[in-house]
Amino acid sequence: MTDNTLFDYQEGMETNLPTHQEVLQNEDQLLAGFLEAAEFKENTDFQRKIEIKRNGKLLFSFYIRPLTEEEVQGCRKRATKRRPDPRGKQFGMIEIETDYIKLRSYKILAATVDKGHGILWSNRTLKEKLNVIEDVDVIDKVLMGGEKDYINDVIDEISGYGMHEVSLEETAKN
């Protein structure tokens, strides 16, 4: 008879591990769960509607979706200035400074769900009227700093960042 228990030193309690047969029986459920989890970018349940209101008037609204780590890293790279390494070309480029204002705008751009309207940040008429070239510049011209900060907080929340932070209520209870 085999012992299927494992002593967890961190928690100080025994844990029963599933048998090989139990794992095989639940494999379909497990795979379905993985596949469902992988669809978070397209899942409308994770999308949030953002409404831009000023003085009680709704100006416009749009939807945002969760971002992957790769997308956030791409936004960070686009917002970071680089220069050649002073030690020589063989060392490539070095990062000098990250523009956190642009980083927030790039995250909003990446997270925006177009919903087929095509009238948001890439609208040619809007760009002409605002005298900007890049989509990210439209975001900088249209949204106030606090609005961008709020939207980035929502993006981080729906992307899973901060899921394990302990709330003040939980801290006070303990």
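## A tour from the hairpin to helix H6

Begin by selecting Ile 52 and Phe 60, since Phe 60 in S4 is the bridge partner of Ile 52; strands here are DSSP runs of E with at least two residues, helices are runs of H or I with at least four residues, and both are numbered from the N terminus. What you have open is a predicted model, in which local features need pLDDT of at least 70 and side-chain atom pairs count only at pLDDT 80 or more, while totals for chains, interfaces and linings use all residues. Residues are numbered from 1 along each chain as its sequence is written, and side-chain values use heavy atoms, with hydrogens and water left out.

Next, extend the selection to the whole of S3 and S4, which pair in the antiparallel sense over seven bridges (two strands pair if DSSP finds at least two bridges between them). Another bridge to display joins Lys 49 to its partner in S4, Tyr 63. The two strands form a hairpin with two residues between them, and in the turn Asn 55 has a positive phi of about 55 degrees.

Now add S7, to see an open sheet of three strands in the order S3-S4-S7, with antiparallel pairing. S3 and S7 (112-113) stand at the edges, each with a single partner strand, so one side of each is left without a neighbour in the sheet. S4 and S7 pair over two bridges, and Thr 112 in S7 is the bridge partner of Ile 64.

From the sheet, turn to helix H7, which lies across S3 and S4 and runs at about 170 degrees to S3; the axes are lines fitted to C-alpha atoms, for helices over the stretch in contact, and angles run from 0 to 180 degrees between N-to-C directions.

Then select H6, residues 135-142, whose buried residues are Val 136, Val 138, Ile 139 and Val 142 (buried means under 20% relative accessible area, with a 1.4 Å probe and protein chains only). Seen down the axis of H6, these buried residues fall within an arc of 155 degrees, so they line one face of the helix; the arc is that of the directions from the helix axis to the C-beta atoms. To show what covers them, display elements including S3 (48-54), S4 (57-64), H4 (100-111), H5 (124-130) and H7 (145-158), where contact means heavy atoms within 4.5 Å.

Finally, zoom out to the whole protein, which has eight helices and seven strands, and in which 24% of the 174 residues count as buried.

Conventions. Buried means under 20% relative accessible area, exposed over 50%, partly exposed in between (1.4 Å probe, protein chains only).
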